[in-house]
Amino acid sequence: MNHNEQHETAHKPIKRKEMTRRQFLSYTLGGATAFMGMGAVLPMLRFAVDPILTKKQAGAFVKVIEEAEVTKEPKQVAFKVHQVDGWYESDPKMEAYIAKGDDGKIFALSPVCKHLGCTISWGGEEAPNEYHCPCHGARYTKDGKNLKVAPKPLDEYEVKVENGWVYLGPLEPNTRV
């Protein structure tokens, strides 16, 4: 590099990389659009995720029958349960077979067959003193133990007895067999 070239480069003003007006507008509008977009998306996201974030309530007990009406023979009882599924609230009708065991404790079984989900019945000509499923012939003992066809015993309701009334709670796996 000769003396003239060196002199020219030494005295040139330093060229800064400045933002052009077009870049400034582009960044400003992009940032404002992103901010406003998030303002619209976040409430929708919260609305969709809210049911997942809420804590599940413990299963509520439902008053179904007087304690004095329960015998050793299973009795079919219908009741309603209030349930909340996200924003949908309903009161579906449910059924249970309630009886006293040989130990004197009250228990309640679900009438849903564990084979394919059909509704079972107690007694009858096909299976006296047993639960019988009319769909595929599954059979269960009084305690809900699976005898034929079904892979598992009948589910059992959590039972609570207070002030002469029987209350049923959530379903759980059978503890009697």
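**Cysteines, charges and a helical span**

Visitor: How exposed or buried is K114?
Guide: K114 is partly exposed, at 25% relative accessibility. Buried means under 20% relative accessible area, exposed means over 50%, and partly exposed lies in between, using a 1.4 Å probe and protein chains only.

Visitor: What kind of model is this?
Guide: This is a predicted model, in which local features need pLDDT of at least 70 and side-chain atom pairs count only at pLDDT 80 or more, while totals for chains, interfaces and linings use all residues. Residues are numbered from 1 along each chain as its sequence is written, and side-chain values use heavy atoms, with hydrogens and water left out.

Visitor: Which side chain meets K114 in a salt bridge?
Guide: K114 is paired with D155, at 3.0 Å from N to O. The pair links distant parts of the chain, 41 residues apart: K114 is in the loop between β6 and β7, and D155 is in the loop between β10 and β11 (156–162). A salt bridge here is a side-chain nitrogen of Lys or Arg within 4 Å of a carboxyl oxygen of Asp or Glu. Strands are DSSP runs of E with at least two residues, and helices are runs of H or I with at least four, numbered from the N terminus.

Visitor: How many salt bridges are found in the whole structure?
Guide: The search finds 4 salt bridges. One of them joins D143 and R176, at 3.2 Å from N to O. D143 is in the loop between β9 and β10 and R176 is in the segment after β12 (165–172), so this pair ties together parts 33 residues apart in sequence. D143 is partly exposed, with a relative accessible area of 25%, and R176 is partly exposed with a relative accessible area of 25%.

Visitor: And what is the partner of K75?
Guide: K75 forms a salt bridge with E69, the closest N and O atoms being 3.4 Å apart. K75 is partly exposed at 36% relative accessibility, and E69 is partly exposed at 38%.

Visitor: What about K142: which side chain of opposite charge is nearest?
Guide: That is D102, 4.6 Å away; K142 is buried yet has no salt bridge. For charge, Lys and Arg count as positive and Asp and Glu as negative, while His and the chain ends are not counted. K142 is in the loop between β9 and β10 (146–148).

Visitor: What does K142 touch?
Guide: Leaving aside residues up to four places away in sequence, K142 touches several residues, including K72, P74, F107 and W122. Contact means heavy atoms within 4.5 Å.

Visitor: Changing topic, how many disulfides are there?
Guide: The count comes to 1 disulfide, a disulfide being a pair of cysteine sulfur atoms within 2.5 Å. C118 and C135 form it, with their sulfur atoms 2.0 Å apart. The link of C118 and C135 is left-handed, with -105° about the S-S bond.

Visitor: Is C118 buried or exposed?
Guide: C118 counts as buried, at 18% relative accessibility. C135 is partly exposed, with a relative accessible area of 39%.

Visitor: Where is the nearest cysteine sulfur to C113?
Guide: It is that of C133, 3.8 Å away, and C113 is in no disulfide. C113 is buried, with a relative accessible area of 3%. C133 is in no disulfide either, and C133 is buried with a relative accessible area of 2%.

Visitor: Lastly, where does UniProt place the "transmembrane region"?
Guide: The unreviewed UniProt entry places that feature at residues 24–45. UniProt positions are given in the numbering used here, feature names are shortened, and annotations may be inferred rather than shown by experiment. In the model, residues 24–45 are 100% helix and 0% strand, with the end C-alpha atoms 31 Å apart.
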